[in-house]
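Me: I have a model open and I am new to this. Can you teach me to read its features one at a time?

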Amino acid sequence: MRKITTLFASVLLLSNFTFAQAPKKSSSSDIYHSLEKLNFLGKALYLAAHPDDENTRLISYLSNNVKAKTAYLSLTRGDGGQNLIGTELSELLGVLRTQELLAARNVDGGSQFFTRAKDFGYSKHPNETLKIWDRDLVLSDVVWVIRNFKPDVIVNRFDHRSPGSTHGHHTSSAMLSFEAFDLAGSATSYPEQLSQTSTWQPKRLFFNTSWWFYGSQEKFDEADKTNLLSVDTGIYYPNLGLSNNEIADVARSQHLCQGFGRLTSRGSETEYIELLKGDLPEDKTNLFDGINTTWSRIDGGKAIGDILYKVQENFNFKNPSAHLPELIKAYKLLQNSKDKDWKEDKEKELLAIIEAVTGLYLEASATAASAVPGESIDIAIEAINRSTVSMQLQALELNPDEVVIDGTPLKNNVEYKNTLVLNVPASENYTNPYWLNEKGTLGTYTIKDQELIGKPETPRPFHVYFTLNIEGEIITIKKPVIYRYSKPDKGELYQPFEIVPAATAAIKDKVLIFADGTPKQITVLVKAHKDAVEGSVTLAHAIGWTIDNPTQAFTIAKKNDAQTLIFTVTPPSNQDESYITPVVKINGQEIARELITINYDHIPQQTVLMPSETKVVRLNIQKAGQHIGYIVGAGDNVPESLEQIGYTVHKIDPATISNASLKKYDAIVMGIRAYNVLPELKFKQKNLLDYVKNGGTMIVQYNTAGRWDEQFENIAPFDLTLSNDRVTDENAVVTILAKKHSLLNFPNKITNDDFNGWIQERGLYFPKAWDKAFTPILGMHDEGESEKKGSLLVAPYGKGTYIYTGLSFFRELPAGVTGAYKLFANMLSVGKSTINTDKKLND
Ligand SMILES: [Zn+2]
C-alpha cells in the first residue's frame with residue numbers, strides 16, 4: 001500500500017477538512033467558523049508561479065484567522081518538473097498538481113486560480129520566461145483574475161526587484177502582479193475584458209518577505225522595517241482544535257507528487273509582509289487595517305449585518321437550526337442588494353450555512369462513473385432534513401430537460417429518494433480539463449472561452465436544482481451530478497461524473513525507434529466507454545511510412561472492455577521522424593484522443609483526453625557491441641530506449657557485482673544519480689574501475705554533486721569535481737571541441753545537426769574541474785553565461801574507457817531525439833573497431 005494512505009487517514013481525522021467532490025459535513029463549530037467568515041467582507045489574493053510556491057501558513061492565517069476570502073493565483077499548473085509518486089509528466093503532471101492545489105485549499109480554506117502560462121521547465125531569468133510565456137497574454141490573465149475575484153489586498157510570494165536570483169518564473173510572477181495591480185483598475189487596459197467583468201482597484205500590494213530574501217538573519221535584523229507588517233501565523237484556533245501552522249502543514253502535505261509530505265508543527269511563528277503599493281496600515285499586524293470589511297460596505301448590507309452579527313454573537317452550538325428564521329431573513333435581504341459580486345459570494349456562503357444548520361443533505365449521484373454523448377443514465381437523488389424545521393421539496397430539476405414537481409414534506413430525519421433520468425445531449429462536450437482541449441504553444445495553453453480563464457477546473461455540465469420551501473421561503477440549492485461508490489478496501493468514494501467518447505484507442509509506446517528498415521508490429525488498444533460499440537481504427541501516418549491493412553474493425557460488447565489490434569509498420573528507407581495516430585471511427589464520428597485516468601488517494605480521480613499519438617523515428621544508426629549492463633539509479637527509461645535500437649540490456653543488481661560478473665558486457669552504464677541513491681556502490685567501485693582497466697567501457701550519467709558517502713571522494717578513476725552547472729536552454733549552441741575524437745566519428749559521424757530537436761534542456765550537474773586525462777568533447781552555455789565544457793568527458797583508463805556525461809540522455813532518448821541516440825551509440829561503441837558484433841553472452 002502507498003505511504004500516502006496514512007497521510008490521507010490523518011487528514012480525515014481533522015473533521016473540518018473535506019475532499020473535492022465529497023460533500024462537506026459540518027459540526028456546530030464548523031458552522032460557527034463559516035458564520036464568522038460570512039460576516040467578514042474582505043478578500044486577499046496570494047500570488048506566485050507554481051504549485052508549492054504558496055505559503056500555506058499565510059493563506060491559512062488570512063482564511064482562518066482574518067476570515068478573509070482568500071485565493072492563491074498560481075500562474076502555472078506545475079507541468080514541468082518531476083513526479084515522485086507516479087508516471088504522470090508534463091500536461092498530466094499539471095492535472096495532478098492542479099488537484100493537489102485544490103486539495104491544499106480544501107484544507108486551508110482558500111480557493112484557487114491559474115493563468116494560461118505553462119511551467120515549461122527551469123528558467124534562469126524573467127526575460128526568458130516572459131518571452132516564452134507571451135508577457136502580454138499572461139499579464140492580461142492576471143488582470144482578469146484580479147478583476148473577477150476583486151481582492152482588497154494582494155500578496156506576492158516573490159520579489160519583483162531581484163531578477164536572476166531565483167527561478168525566472170518566480171520573479172516574473174511578482175513583476176506581472178506589480179504591474180497588474182494598477183492595470184486592473186484602469187478601464188483603458190484590456191478593455192475587451194470589460195464586457196464580461198468590471199475594473200477593480202485593489203487597496204494594497206504586499207511582498208511576503210523573510211530573512212532569506214535579505215541574505216541572512218543578521219542583515220534582516222538590521223534592515224529598516226518601516227514598511228514591514230508582521231503577523232503570528234502560529235495562532236491556535238480552539239473552535240477547530242488546531243493551530244494555524246498545523247492546518248498549513250497538512251495543506252502543504254497535499255503536494256505529494258513533489259514529496260512534500262511532512263510533520264505538522266505548532267507554536268508562534270512570525271511572518272513578514274512588506275508593503276509595495278497602497279497606504280501603510282496604522283496597525284502593522286493587520287493587512288486590512290482601514291479597509292471596511294463589515295456588511296456596511298455593500299448596498300443593503302447594514303440590515304443584513306444587524307441580523308447576522310447577532311446570530312454569530314448568540315450562536316447556539318447545541319441547536320444551530322434555532323437560527324434558521326434569522327438566516328432566512330438575511331438571505332431575503334441579500335436578494336435585494338445591488339452589489340452583484342458580493343451578493344453572489346455571500347449567497348453561496350449563506351445557503352451552505354442554511355443547509356448545515358438544518359442538517360440538510362442533498363445529493364445527485366449518477367449510477368455510473370461516466371456516460372457518452374447521446375446516452376441516458378439514471379441519477380439517484382437523496383434529500384434529508386435532519387432538523388425540526390418545517391421543510392418541503394417543491395421541485396427537482398435536472399438540466400437539460402427533466403423536471404420533477406414533487407411537494408413532498410422533508411420530515412425530520414426521514415430520507416427522500418428518487419431517480420431522475422439524465423439524457424446527455426448528443427452534442428455534449430467531453431468533461432476534459434479545458435486547458436488541454438486545444439494545442440498550446442511552448443509557453444501557454446490555448447483557451448478560446450474567456451470565461452474559463454482562471455478557473456481551476458472544467459465547470460461540471462450537469463446539476464440538480466433542489467427547490468425547497470423552508471419555513472415559507474422558497475430556496476433553490478444547486479448540486480453537481482457526481483459519482484458516489486464504494487470499494488471494499490477503501491470505503492465510500494466520490495469522483496467527478498465524466499462525459500467521455502464512446503471508444504478511444506492508444507498505442508502503448510509513445511515513441512517507437514526503427515534502428516533500420518525492419519518492419520515492426522505495433523499494438524493498438526481500443527477501449528469501450530459504453531456497451532455494444534462497433535467501429536474501426538485507422539492508423540493515420542505520414543508519407544514514406546507504410547502500414548499493412550491500415551484500417552481494422554472492432555466490436556466490443558461491454559463498457560470498459562478492450563480489444564487489441566495489431567498493425568505492421570514499415571519505416572522509410574532514410575532517416576525520418578513523424579507521428580502515427582490511431583483514429584477511432586464510429587458511425588462517421590472520428591475520435592483521435594486517448595483516455596487516461598489519474599488515480600491517487602489524496603485527489604479525486606481525474607479523466608483526461610490527450611491526443612493519441614506515437615512518435616516514430618527511423619534512424620540510420622550504426623553500433624558496435626551488443627550486451628549492455630545497466631545499473632539502475634534514481635530511475636530512467638534509458639534501458640528501454642537502448643533496447644529499441646537493438647541492444648540487449650541487462651539490469652545489474654549492485655550486490656551481484658564482481659570482476660567476473662562484469663566481464664561479459666560490452667559496456668556498463670550507470671543510471672541517473674546512481675551514486676546518490678545506491679550506497680552499496682562504494683563497495684563495488686573498485687570492481688567497476690577494474691572492469692574499465694581491463695578493457696571495458698563505463699558510462700556514468702549525471703549525479704548530484706556531493707550527495708553520497710564521503711568515501712566516494714571520487715566516482716571516476718581520475719579527479720573529477722561535479723558542480724551545479726547546467727544548460728537549461730535545449731537549443732543552446734553546441735561547440736564541438738574534439739572534432740577528431742572517435743566518440744564523434746565512430747560508428748556514427750556526429751555533427752551540429754545532431755543537437756537539433758533536443759527537449760527541455762541540454763544537461764545538468766556538469767563537472768567544473770577534471771584531471772588532464774579527460775578530454776572534453778563539447779562546449780555549450782546558456783545565454784549570458786560562460787562556456788561550460790564538462791557535459792561530456794572521456795578518459796582512457798588502462799585498456800578501457802571511462803565516460804562521464806551530464807547531458808540529459810534520460811530525457812532525450814525516451815523522446816526519440818535522433819542525435820542523442822547516435823551519440824549514445826558512439827559512447828557504447830568506444831574502443832571497438834567493428835560494428836554490429838554479435839557476441840554470445842554466457843549468463
Ligand atoms: Zn516555484
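Me: Let us start with E498. Is E498 buried or exposed?

Reply: Judge burial by relative accessible area, where under 20% means buried. E498 has 5% relative accessibility, so E498 counts as buried. Keep in mind that this model is predicted.

Me: Which side chain does E498 meet in a salt bridge?

Reply: For a salt bridge, look for a Lys or Arg nitrogen within 4 Å of an Asp or Glu carboxyl oxygen. Here E498 meets R460, at 3.2 Å from N to O. E498 sits in strand 20 (residues 498–499). R460 is in the loop between strand 15 (416–423) and strand 16 (463–470). The pair links distant parts of the chain, 38 residues apart.

Me: How many salt bridges does the count give?

Reply: The count comes to 38 salt bridges. One of them joins R297 and D152. Their closest N and O atoms are 2.8 Å apart.

Me: Why does the pair R297 and D152 tie parts of the chain together?

Reply: Ask where each partner lies. R297 is in the loop between strand 9 (270–277) and helix 10 (301–313). D152 is in the loop between helix 6 (135–149) and strand 4 (153–156). The two are 145 residues apart in sequence, so the bridge ties those parts together.

Me: Are R297 and D152 buried or partly exposed?

Reply: Take each one separately. D152 has a relative accessible area of 0%, so D152 is buried. R297 has 21% relative accessibility and counts as partly exposed.

Me: What can I say about D249 and R262?

Reply: They form a salt bridge, with the closest N and O atoms 3.2 Å apart. D249 lies in helix 9 (residues 244–252), and R262 in the loop between helix 9 and strand 9. They are 13 residues apart in sequence, so the pair ties those parts together. D249 is buried, at 5% relative accessible area. R262, at 38%, counts as partly exposed.

Me: Which residues are linked in a network of salt bridges?

Reply: A network is read as a group, not as one pair. Here K124, D782, E785 and K788 are linked in a network of salt bridges.

Me: Now the metal. Which residues coordinate the zinc ion?

Reply: Find the donor atoms around the ion. They are ND1 of H50, OD of D53 and NE2 of H170, at 2.0 to 2.1 Å. In sequence the donor residues are spaced H-x2-D-x116-H. D53 is in the loop between strand 1 (43–48) and helix 3 (56–65). H170 is in helix 7 (residues 168–183). These two are 117 residues apart, and the pair links distant parts of the chain.

Me: Are D53 and H170 buried or exposed?

Reply: Use the burial rule again. D53 has 9% relative accessibility, so D53 counts as buried. H170 has 12%, and H170 counts as buried too.

Me: How many cavities of 30 Å³ or more are there?

Reply: There are 3 cavities of 30 Å³ or more. For each one, read the volume, then the lining. The largest cavity has a volume of about 110 Å³. Its lining includes W435, R460, E498 and Q606. You met E498 and R460 earlier as a salt bridge. By class, the lining has 3 nonpolar, 6 polar and 3 charged residues.

Me: What about the second largest cavity?

Reply: About 40 Å³ of space lies in the second largest cavity. Among the residues that line the second largest cavity are R77, F114, W435 and G454. This lining has 5 nonpolar, 2 polar and 2 charged residues.

Definitions and conventions. Residues are numbered from 1 along each chain as its sequence is written. This is a predicted model: local features need pLDDT of at least 70, side-chain atom pairs count only at pLDDT 80 or more; totals for chains, interfaces and linings use all residues. Side-chain values use heavy atoms; hydrogens and water are left out. Donors are N, O and S atoms within 2.8 Å of the metal (3.2 Å for Na, K and Ca); water is not among the atoms, so sites may look incomplete. Helices (H or I, at least four residues) and strands (E, at least two) are DSSP runs, numbered from the N terminus. Buried means under 20% relative accessible area, exposed over 50%, partly exposed in between (1.4 Å probe, protein chains only). On a 1 Å grid over the protein atoms alone, a cavity is a set of points where a 1.4 Å probe fits but cannot get out, and a pocket is an open set with protein on both sides within 12 Å along at least five of seven lines; lining residues have an atom within 4 Å of a point. Grid points are joined across faces, edges and corners, and a volume is the space filled by probe spheres set on the points. Ala, Val, Leu, Ile, Met, Phe, Trp, Tyr, Cys and Pro count as nonpolar, Asp, Glu, Lys and Arg as charged, and the others, Gly among them, as polar.
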